[in-house]
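Reader: Hi! I have a structure open on my screen and would love to talk it through with you. Can you start with how the helices and strands are named?

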Amino acid sequence: MKLISYQKDGQESIGVVVDERVVDINAGWATLLGGSGELAHDMVHLLDLGEGALRAVREILHTYQQRLTSNPAEAQAVSFPLSEVTYRPPVTRPQKILAIGANYRAHCAESGMPIPQKPIVFVKVTSALIAHGEAIVYPRITQELDYEGELAVVIGKRACHVPEGDAMQYIAGYTIMNDVSARDLQRTEGQWSRAKGCDTFAPCGPWLVTADEIADPHHLALETRVNGEVRQQANTGDMIFPIPFLIAYITSAMTLLPGDIITTGTPAGVGVYRQPKGLLKPGDEVAIRIEKIGELRNPVVSED
């Protein structure tokens with residue numbers, strides 16, 4: 001399923017994307033399944049409710065598809081065109097976003113970094129999170145704004161000291177993240193918090209594709225384009241540290257909770273290492289496409 005967080009008519013909700021339409025989960029819960037109240041008020045709540053809630057969403061989707069034939073009016077009543085919604089980040093309130101640095105060999109080579117012996121884990125602050133279609137703001141404090149297209153993993157249940165062999169059971173699904181970076185700050189400040197944590201520096205979306213839809217997240221084509229020009233073209237199979245290892249490594253130190261995001265590193269082709277440099281500027285548009293997930297697009301605007 002493609003689970004979406006969205007806003008329509010001033011109200012935020014969650015839904016399932018089907019054939020360019022959004023089936024509202026809470027409307028479907030009440031109208032199609034006869035449930036009382038709402039099933040979940042946002043994505044974190046839905047994931048926190050566990051597998052039973054996701055089974056209910058699948059039943060909503062199944063009933064909706066039946067009603068398209070048997071009772072089209074009822075199906076129309078709980079859905080509307082995707083074009084009518086304002087996207088929100090798939091997970092609007094993750095407790096934490098953990099990013100992995102230097103996790104593709106070709107990116108290490110282009111940057112002159114040695115292959116890391118252990119994952120490089122850093123935090124992207126949640127206030128940097130924006131949705132598909134929202135603007136990346138080019139802040140006045142940098143002169144070197146860059147993109148990083150990445151596969152992001154969304155955690156589905158509480159995870160602490162998870163064995164690598166069990167790690168995939170803790171994944172709710174996958175989405176796309178742009179690990180936007182101020183390269184001059186990253187280079188000169190000795191750590192990456194401000195360089196990768198400015199407001200709007202974590203575009204994410206367009207939706208969350210549930211784990212059952214992607215048999216192998218380590219075999220997905222990834223492509224980043226700036227103004228239509230291909231800048232990054234790789235496969236997630238080129239990761240140095242695969243997703244189960246990352247989950248085991250992280251949870252040996254900290255507990256992951258439903259809705260937490262791990263963004264898994266970027267391949268070669270970032271702007272700062274291109275010849276000539278291909279850094280972002282106001283007026284640009286960054287589009288990141290990952291096979292079986294979709295495309296995340298964001299314009300760049302000046303802070304001024």
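Author: Happy to! Helices (H or I, at least four residues) and strands (E, at least two) are DSSP runs, numbered from the N terminus. This is a predicted model, where local features need pLDDT of at least 70 and side-chain atom pairs count only at pLDDT 80 or more, while totals for chains, interfaces and linings use all residues. Residues are numbered from 1 along each chain as its sequence is written, and side-chain values use heavy atoms, with hydrogens and water left out.

Reader: Thanks! Where does Gln-186 lie?

Author: Gln-186 is part of helix α6, which covers residues 183-188.

Reader: Is Gln-186 buried or exposed?

Author: Gln-186 counts as buried because its relative accessibility is 16%. The cut-offs are under 20% relative accessible area for buried and over 50% for exposed, with partly exposed in between (1.4 Å probe, protein chains only).

Reader: And what does the side chain of Gln-186 pair with?

Author: There is a polar contact of 2.9 Å between the side chains of Gln-186 and Arg-183. A polar contact is a pair of N or O atoms within 3.5 Å; within protein, one must be able to donate a hydrogen and the other to accept it, and residues adjacent in sequence count only if both atoms are side-chain atoms. Setting aside neighbours within four places in sequence, Gln-186 is also in contact (heavy atoms within 4.5 Å) with Ser-181, Trp-192, Ala-195 and Lys-196.

Reader: Let's switch to pockets. What is the volume of the largest pocket?

Author: The largest pocket has a volume of about 310 Å³. Of its 19 lining residues, Met-113, Arg-183, Gln-186, Trp-192 and Tyr-273 are the closest to the centre. For the terms: on a 1 Å grid over the protein atoms alone, a pocket is an open set of points where a 1.4 Å probe fits, with protein on both sides within 12 Å along at least five of seven lines, and lining residues have an atom within 4 Å of a point. Grid points are joined across faces, edges and corners, and a volume is the space filled by probe spheres set on the points.

Reader: Which element gives the largest share of that lining?

Author: That is α6, with three residues. β6 (97-101), α5 (105-111) and α6 each supply at least two residues of the lining.

Reader: What about the second largest pocket, how many residues line it?

Author: The second largest pocket is lined by 14 residues, and Glu-51, Leu-54, Gly-156, Ile-171 and Ala-172 lie nearest its centre. Two or more lining residues come from each of α3 and β12 (171-178). The volume of this second largest pocket is about 210 Å³, and α3 provides the largest share of the lining, three residues.

Reader: Tell me about α3, then. Which residues of α3 are buried?

Author: The buried ones are Ala-53, Leu-54, Ala-56, Val-57, Ile-60, Leu-61, Thr-63 and Tyr-64. In general, an α-helix has 3.6 residues a turn, so residues three or four places apart point the same way.

Reader: What is the distance between the end C-alpha atoms of α3?

Author: The end C-alpha atoms of α3 (residues 51-70) are 28 Å apart, which agrees with the 28 Å that its 20 residues should span at 1.5 Å a residue. The expected span is 1.5 Å times one less than the number of residues.

Reader: Which residues does Val-23 touch?

Author: Beyond its neighbours within four places in sequence, Val-23 is in contact with several residues, including Ile-60, Tyr-64 and Val-78. Val-23 and Val-78 are 55 residues apart in sequence, yet 5.8 Å apart in space, C-alpha to C-alpha. Val-23 lies in strand β3 (residues 21-24) and is buried, with a relative accessible area of 1%.

Reader: Last topic, backbone oddities. Which peptide bond has omega near -5°?

Author: The one from Gln-275 to Pro-276, which is cis. Pro-276 is in the loop between β17 (261-263) and β18 (285-290). Another cis peptide bond joins Gly-205 and Pro-206, with omega about 5°, and Pro-206 lies in strand β14 (residues 202-210).

Reader: And what is phi of Asp-9?

Author: Phi of Asp-9 is near 55°, a positive value in a residue other than glycine. Most residues other than glycine have a negative phi, and most peptide bonds are trans. Asp-9 sits in the loop between β1 (2-8) and β2 (11-18), and it counts as exposed because its relative accessibility is 69%.
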